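Here are some short exercises on reading a protein structure. Try each task yourself before you look at the worked solution.

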Protein chains: 6
Amino acid sequence: MNRADGRADHELRPVTFTRGFQQHPAGSVLVEFGGTKVLCAASVTTGVPRWRKGSGLGWLTAEYAMLPSATHERSDRESVKGRVGGRTHEISRLIGRSLRACLDLRSLGENTIAVDCDVLQADGGTRTAAITGAYVALADAVAYLRERGQLADPQPLSCQIAAVSVGVVGGRVRLDLPYEEDARAEVDMNVVATDVGTLVEVQGTAEGATYSRSTLDAMLDSALAGIATLTEMQRAALAGPSGRSA
Amino acid sequence: MNRADGRADHELRPVTFTRGFQQHPAGSVLVEFGGTKVLCAASVTTGVPRWRKGSGLGWLTAEYAMLPSATHERSDRESVKGRVGGRTHEISRLIGRSLRACLDLRSLGENTIAVDCDVLQADGGTRTAAITGAYVALADAVAYLRERGQLADPQPLSCQIAAVSVGVVGGRVRLDLPYEEDARAEVDMNVVATDVGTLVEVQGTAEGATYSRSTLDAMLDSALAGIATLTEMQRAALAGPSGRSA
Amino acid sequence: MNRADGRADHELRPVTFTRGFQQHPAGSVLVEFGGTKVLCAASVTTGVPRWRKGSGLGWLTAEYAMLPSATHERSDRESVKGRVGGRTHEISRLIGRSLRACLDLRSLGENTIAVDCDVLQADGGTRTAAITGAYVALADAVAYLRERGQLADPQPLSCQIAAVSVGVVGGRVRLDLPYEEDARAEVDMNVVATDVGTLVEVQGTAEGATYSRSTLDAMLDSALAGIATLTEMQRAALAGPSGRSA
Amino acid sequence: MNRADGRADHELRPVTFTRGFQQHPAGSVLVEFGGTKVLCAASVTTGVPRWRKGSGLGWLTAEYAMLPSATHERSDRESVKGRVGGRTHEISRLIGRSLRACLDLRSLGENTIAVDCDVLQADGGTRTAAITGAYVALADAVAYLRERGQLADPQPLSCQIAAVSVGVVGGRVRLDLPYEEDARAEVDMNVVATDVGTLVEVQGTAEGATYSRSTLDAMLDSALAGIATLTEMQRAALAGPSGRSA
Amino acid sequence: MNRADGRADHELRPVTFTRGFQQHPAGSVLVEFGGTKVLCAASVTTGVPRWRKGSGLGWLTAEYAMLPSATHERSDRESVKGRVGGRTHEISRLIGRSLRACLDLRSLGENTIAVDCDVLQADGGTRTAAITGAYVALADAVAYLRERGQLADPQPLSCQIAAVSVGVVGGRVRLDLPYEEDARAEVDMNVVATDVGTLVEVQGTAEGATYSRSTLDAMLDSALAGIATLTEMQRAALAGPSGRSA
Amino acid sequence: MNRADGRADHELRPVTFTRGFQQHPAGSVLVEFGGTKVLCAASVTTGVPRWRKGSGLGWLTAEYAMLPSATHERSDRESVKGRVGGRTHEISRLIGRSLRACLDLRSLGENTIAVDCDVLQADGGTRTAAITGAYVALADAVAYLRERGQLADPQPLSCQIAAVSVGVVGGRVRLDLPYEEDARAEVDMNVVATDVGTLVEVQGTAEGATYSRSTLDAMLDSALAGIATLTEMQRAALAGPSGRSA
């Protein structure tokens, strides 16, 4: 009845956050959800996109990408193909929207936080790991700006953001799917939520099938419990030193 | 208390389906949700994408696009920009996934149904109108193939698919948002479901805010009621002649 | 001796203009030449291209495109291919040049009229239908600007512009070729002219053959007679209400 | 009354053909019309485009381009811009169509002649010089194939093709416009015709103006007389040795 | 007189190789030269490029890229820009050429080793670190193929390949330049060589200056000594376990 | 023992410079190294790239390209492929760097010299011929600016720049390789140097092999002797009239 990796249905994979993985960005975190490893960086850049100029407001943008060597079979490099694929676009937009839900953009002035989530190794749930790790990198970048007196409001983060995948595999609702479960799931849902249990984004997808509303409810229960655990882990990780050299 | 267009909170806009709008595709439907007009075409093409060759299975793919003149302010043409935008990619993928949920791809043999949803006029809810209209075009394309004896299974559609948007506007849950409501909604959700009430896709998004689980439930209630009405309208539309000249 | 659709050699197909097809652009006309249907929109946008800045003159630009579902066999979407094809470029430039011949660009100030001609259904002569319909959309956009007091000269249109195709099919000069005649024509000519019979553009092409000067003359005779009829139809269409909601 | 360069209205600029300018292509001709210099190469390549495979017929394709240093002000390189411009596309297509009018494609078998017209220096009339020079390069390529016994029909060229520009400048019809006349011409026409006086392509354009049919006739008279002279010059050039080392 | 990081002029930065950094590719090595960190992966893929088909020979190709967050100031993502830059192309080609110098391509049969070098953190010398690390990843991929009996010749590596940068900074020849030295170097040279002291590639560049042949000699002396040390380190790293889970 | 073209190992091919080949650029030189012909143009353009604005310094940029008809087998046009290839990028950057080594950019003010090197015919050594010819075009452009009083310092060229290829073919070091030698060379080196014998750029490459340091020395000896001859030829060419019409 147990899963291939021995976990219970509603159990997360081992999760780690390595802060200060890179020295240049204001925040840099290597997040691992089991075999999924995503390098999340939050860089502060001057100015905002053209459509936002003169508003006095800052911006947060995100880009997600996957190293060619991150997947079971080597995947083609999007720079070489000359275009960003639909899946990449979709995930980049999701990460940006999710993080903007917790950040007061007025506090930044007309500056942008650019979040880069580069998947070093993919084993399912890369987008949810990316969001969960990117929140920690964002918190580090906010601390970096606060120390330099560059924030109008010193506490611009109104809540924590974390995300997890959940799905129906062989008729059972399971949390935090690795690749081998994800590939055969009947339903796949990604949930982004806050540390106080409110929702930011719910995306539940059935490819070639449909699912009942009670299944939706069971998936949400599992995901929200997982997210509560993840936000505790974020707090624990952020309680230590940043790992950034002075 | 009422909405700008006089509707009640859980009321759909006037919906029409004009079948046979174009003569060349196997199915062609102009769908209107109030001021939103989307031309949905289902074309049958020989062969399948490379990764599917030799499987004996067919495929269904979808492309969504917007005429430059469809929006309040003229928008730039993606062909001229030389790249398809992230939003376009995201919606195209959603339409394809949604329709594949009702179609038995074995029945097609190694052939592809290409669904094109071109927005002629945009007034909110273009993606949900597109899915709802595209189902009707798909049903016409299936009938076209059936008449020609080109289906292994004469009934490859297992259910109907329809979609609607729902959101929280000024603190009230409202169904089928026009542009002016959509632009100021606190939460925006798109629901794709079947005529038997099962879910295909749920995408609930809060930009710069979060929402409670009870709000999610209220939005789902409203959306599923709206979809029940839409699937009835689809049946009524499909009961008449196809509008296609012989 | 007669044509497949029963027309005489120098007879036009049934032509209709549906003004106000879209609500957002200043002018929007669905033009039909038999089975050819082109949606022509004229949008007013602030500013002019960079090379024209500071001149005090306005500009008119045009873009032509074809829906994938408009053709007998579905055609690929240029946005997805990532480049605009040579034929599309050529026709877009022709439409722009043709309409600029009748418009006093000084009257607009430094503003641009963007003309979009999107072919909803193709049955030969799409470029000439586009020009003929786009003139009507342009006239509506000019009226829109005039009503708002945004024209330096209230009558910036010096003449009407219309266009028609003519060709040699099976040795006979024929007007307004549908697809099945166009595909087997020995010579194909597109003529753009004014309501006073002067020429704007003549493009006569023989693919894999040549033609005599007397054939050129006969084709011009037929085309100019057709254009005289088309400009009358334009006047009749413009005499009614614009179809645009206030 | 005379033109800046002392020519009469219906006089061509000095024209030269340097055959064998390059050693690799089967035909290579540097053509000069006054200050306009175009390098025309005709290369024989194995195979035909995909849509023509299995037909047993050959193909001829053409590409026109301009060196950045060819123009008065340096122009940007299209390879660097990452896209071929509309004008370039339009001219490439014209050259290909024009040359296909004289060539029996059955004779080639399933092989392609690729014609490259690269403008080394631009002083008006580059497209007409390109066509006129490309015909000579094509004749050399045909001779090259004939010598190697690679033609089904040893005489696949049914006629000669030449082209010239003509325009109305300051109210006068003038032949073979250099850049300074072209830039201020009221009407501009390009005519492609054969050595027996039949027409291949007529493109007469008025930007921001219109012209009468009698002007069209006068322009055609001048152009056809010019083309008669050009085809004599082609014959004279082809009468000598090819300039190609063995 | 000493360098900012306390090194002597001809001393390397601390160098580490972490084998098995990723689980999916046949070889995966994180190489560090001081603050420069490059993830090098060698993936085995079936088949060879089209121009090599039927030769019976394998191929090795390389792609270099930099994470946006790797540099002092965040750099734009090449996939988003839609084109690979000149510097990236140049380095990718250098890595591929360098590794092909040590690999007997006959041994692979018609298969390709794809080497990906992704810079996680940049502090000067990224291309030379990439080559040095990629050799180790290649050796691991070769071992992987050997274990599976997929090599015609079990020892297809004829030598080791390593690389280092050397330059003239403030008039002194210095080895293995970090970013702050590289940015102000008068001459910059990259040397690729083997463990037996023969040269693979020498690229010595002076931007805005020139250098004498005796300086070239002094730079080569320093580089070849550095490479001798690097090849010892490679051997030591390869002597341990691969770090790859079974 | 002699080479196919009868040259001794250390002998250059016949070299010619045709100044004033084009009339529009400030400097235009057709350089020929045997069968290799490159058209080098130096155009003066107002302004500098964005990253250099406000510095008071000028810039020199270079673009290299090859006509499709320049090679033995016709090559595809990069504008049509929509991207500049890696080899093209690499050579363009080399030419720019090499010429900037001799030019005092302060002298230009904030203006740019754009150098275009278009290969009309390729027979080995196109990049080195391009650099050698481009120097002469640059000298002509500098004289052009000097005559117009547009140089802060009338002698902004500190030295001459020339380049030559050298390689090991059949075990012998040979200078200035034509295509048939280049294609089978074991080692290939390009050297850029000044008229006083200092080095600008050394690029020595072994594809699928390695070479000893003594071979490197022998190649450098040969290249520097060749470059001494080339700089004499440049001086002789520049001693005559510019070939540019007033």
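**Exercise 1.** In this predicted model, find which residues of chain A are linked with R3(A) in a network of salt bridges.

*Solution.* Start at R3(A) and follow the charged side chains: the network links R3(A), D9(A), R172(A), R174(A) and E181(A).

**Exercise 2.** Turn to chain B and work out which parts of the chain the salt bridge between E181(B) and R3(B) links.

*Solution.*
Step 1: check the pair. The side chains of E181(B) and R3(B) form a salt bridge, with N and O 2.7 Å apart.
Step 2: place each partner. E181(B) sits in helix 4 (residues 179–182), while R3(B) belongs to the segment before strand 1 (15–19).
Step 3: look along the sequence. The two residues are 178 residues apart, so the bridge links distant parts of the chain.

**Exercise 3.** Decide whether E181(B) and R3(B) are buried or exposed.

*Solution.*
Step 1: recall the cut-off. Buried means under 20% relative accessible area.
Step 2: compare. E181(B) has 1% relative accessibility, so it counts as buried.
Step 3: do this again for R3(B). Its relative accessible area is 3%, so R3(B) is buried.

**Exercise 4.** Find out where D116(C) and R77(B) lie, and what their pair joins.

*Solution.*
Step 1: the closest N and O atoms of this salt bridge are 2.6 Å apart.
Step 2: D116(C) lies in strand 5 (residues 111–121) of chain C, and R77(B) lies in the loop between strand 4 (59–66) and helix 1 (78–81) of chain B, so the pair joins two chains.
Step 3: add burial to the picture. D116(C) and R77(B) are both buried.

Technical notes. Residues numbered from 1 in each chain as written. Chains lettered and ligands numbered in written order. Predicted model: local features only at pLDDT ≥ 70, side-chain atom pairs only at ≥ 80, totals over all residues. Heavy atoms only, no water. Salt bridge = Lys/Arg side-chain N within 4 Å of Asp/Glu carboxyl O. Helix = DSSP H or I, 4+ residues; strand = E, 2+ residues; numbered from the N terminus. Buried < 20%, exposed > 50% of the residue type's maximum accessible area, 1.4 Å probe, protein only.
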